[in-house]
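Trainee: Could you walk me through how to read a model like this one? I would like to start from its parts and work inwards.

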Amino acid sequence: MSRETANPATGLAISQPAAGTHKPAAPLDTDFPSLSGLDSDPEAEALLELENRVCSHGDTVHYAERPKIFNTCKGSYLYDRQETPYLDLQMWYSAVNLGYANERVNNALKLQIDQLPQLACQYLHKEKIELASMIVESVEDAFEEKGRVHFNVGGSQAVEDALKLVRKTTGKSRMLAFEGGYHGRTLGASAITSSYRYREAYGEFGDRAEFVPFPYCFRCPYGKKKETCNLFCVEQIERKFEHEYTGWVNPRTRKSEFGAFFVEVIQGTGGYIGMPAGYLERLAKLLREYGILIVDDEIQMGFFRTGTLWAMEQFGARPDIMVFGKALTNGLNPLSGIWAREELISPDRFGPGSTHSTFSSNSLGTATGLEVMKIFAGGDYGKTVREKGAYFLNLLKDLQRKHPEIGDVDGLGLALRMEMCESDSYTPSRKLADKMFQRGLEGNLEVDGKRMGLVLDIGGYYKNVVTLAPSLEITYPEMDLAHDLLDMVITDCKKG
Ligand SMILES: Cc1ncc(COP(=O)(O)O)c(C=O)c1O
């Protein structure tokens with residue numbers, strides 16, 4: 001039995017298994033250690049003690065009460081040193097969309113190690129050109145726009161390149177961005193990321209973006225209801241262009257102070273919140289009128305996470321510049337990049353040396369990226385991701401019926417959210433979300449007398465959202481298992 005539901009972004013009907021069709025997870029074909037086998041591990045203790053002394057705590061490792069050492073990975077699982085499997089529902093913030101140790105992607109990397117393991121970026125190699133060509137074609141298919149690609153290494157660096165391109169094209173260094181948006185932690189990316197927490201210790205950011213409320217309908221910043229608001233939030237942006245006194249535009253020249261609007265159509269770190277239908281279309285029309293470029297940050301939501309190669313495809317607008325990274329190489333050798341419309345990035349406008357980094361377009365990255373794009377081109381991910389996403393969302397709705405502490409569940413494709421609250425289903429509960437994160441990492445959840453762990457990531461404005469980005473290759477029994485593990489973890493954490 002299945003029922004039709006509307007895709008939140010497109011309004012198109014998608015088929016979902018009926019609520020209540022969840023089957024208890026069948027034992028998986030994995031050799032789990034038994035519960036009695038919780039051995040002590042003196043080497044791990046020594047490593048943790050050493051890490052505590054020699055590694056900076058400036059990264060995100062120490063978000064966990066007890067940092068975790070993993071040893072191997074395969075498919076949807078990470079394995080610790082006792083070979084305990086941890087079902088990963090976040091896949092390295094959506095960098096490993098095709099599953100851990102994906103054989104095709106790994107083989108592409110191995111072949112390239114034998115063929116052309118390294119090459120200075122001032123010379124060309126075949127894979128770079130072919131990969132750029134596949135990306136250019138994919139954007140042309142999706143948005144009917146011609147353009148070019150420029151590679152870099154990490155997401156934030158590509159964001160920096162996008163900023164440079166906007167500045168060069170428009171001559172403007174002020175940007176618009178959303179509250180709750182996340183674009184990275186280099187200085188330039190921090191200036192367009194709303195959290196002051198990431199800037200506080202680092203002096204003045206004269207180029208800090210103007211942050212606009214994101215349409216977070218579950219907690220509408222204007223206290224409206226989605227069903228009746230008539231996109232009041234876009235009206236508030238439109239108001240900024242009505243006269244000169246809002247400081248956004250000079251009505252005489254019709255020029256705006258801003259060069260570009262950096263957009264995540266579904267906020268990643270912000271808690272997997274998606275824009276409501278019609279929002280971006282209306283916003284994009286306004287931005288075009290005033291020559292403000294749209295920079296589409298696809299770093300977390302690209303590569304079929306939402307059921308289309310590029311998430312923006314489902315939101316009725318076209319990018320001027322697109323930024324991508326993470327899942328391009330399935331988490332192997334880092335590679336990121338920007339795509340931009342031909343008028344912005346043509347050689348006469350963005351000439352040789354406009355931007356550069358030693359490891360950009362590294363040959364191990366381009367070879368794996370090329371293989372990833374070939375896998376997507378040869379697969380049916382549009383269909384499978386939407387179907388799996390609908391099934392997973394139903395499982396989350398089932399959990400929500402059981403636990404009033406789940407205030408909101410939502411999703412597009414396999415980008416899903418579960419917002420943890422107090423028992424009133426609304427007051428954010430960071431405490432509960434935190435406990436779930438830590439509980440999953442303990443690695444002693446009992447499944448059929450065997451032990452398992454659960455890898456979760458917590459995001460959102462109140463740090464109370466379980467942001468779910470499972471492997472696009474996750475199986476239906478694994479999704480059922482995810483339901484049961486989440487149920488176990490929530491039940492356990494509510495008690496304490
Ligand atoms: C939407 C988005 N933009 C930019 C970045 C920054 O990418 P990186 O961490 O590779 O620098 C991230 C990383 O999480 C992201 O999710």
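Mentor: Happily; we will go through the domains, then the ligand shell, then two backbone angles. Keep in mind that this is a predicted model.

Trainee: Which domains does the assignment give?

Mentor: Domain 1 takes in 2-102 + 383-495, and domain 2 covers 116-378. Their centres, taken over C-alpha atoms, are 28 Å apart.

Trainee: How many residues of domain 1 are in contact with domain 2?

Mentor: On the side of domain 1 there are 31, and they meet 24 residues of domain 2. Among the elements giving two or more residues to that side of domain 1 are α11 (381-402) and β17 (406-412). The most come from β18, with four residues. By class, that side has 16 nonpolar, 10 polar and five charged residues.

Trainee: Now the ligand. Which residues come nearest?

Mentor: Of the 15 residues around the ligand, they are G155, S156, G184, I299 and Q300. Helix α5 (residues 155-170) supplies the largest share of the shell, three residues. The shell divides into four nonpolar, nine polar and two charged residues.

Trainee: And the backbone angles: where does L231 lie?

Mentor: L231 sits in the loop between β8 (210-212) and α7 (232-239). Its phi is positive, about 55°, although L231 is not a glycine. L231 counts as partly exposed because it has 19 C-beta neighbours inside 10 Å, while buried would take 20 or more.

Trainee: What is phi of S425 near?

Mentor: It is near 65°, again positive in a residue other than glycine. S425 belongs to the loop between β18 (415-420) and α12 (430-442). With 14 other C-beta atoms within 10 Å, S425 is partly exposed.

Technical notes. Residues numbered from 1 in each chain as written. Predicted model: local features only at pLDDT ≥ 70, side-chain atom pairs only at ≥ 80, totals over all residues. Near = placed C-beta within 6 Å. Nonpolar A, V, L, I, M, F, W, Y, C, P; charged D, E, K, R; others polar. Buried ≥ 20, exposed ≤ 12 C-beta atoms within 10 Å, placed from the backbone. Domains from an automatic or database assignment. Contact = placed C-beta atoms within 7 Å.
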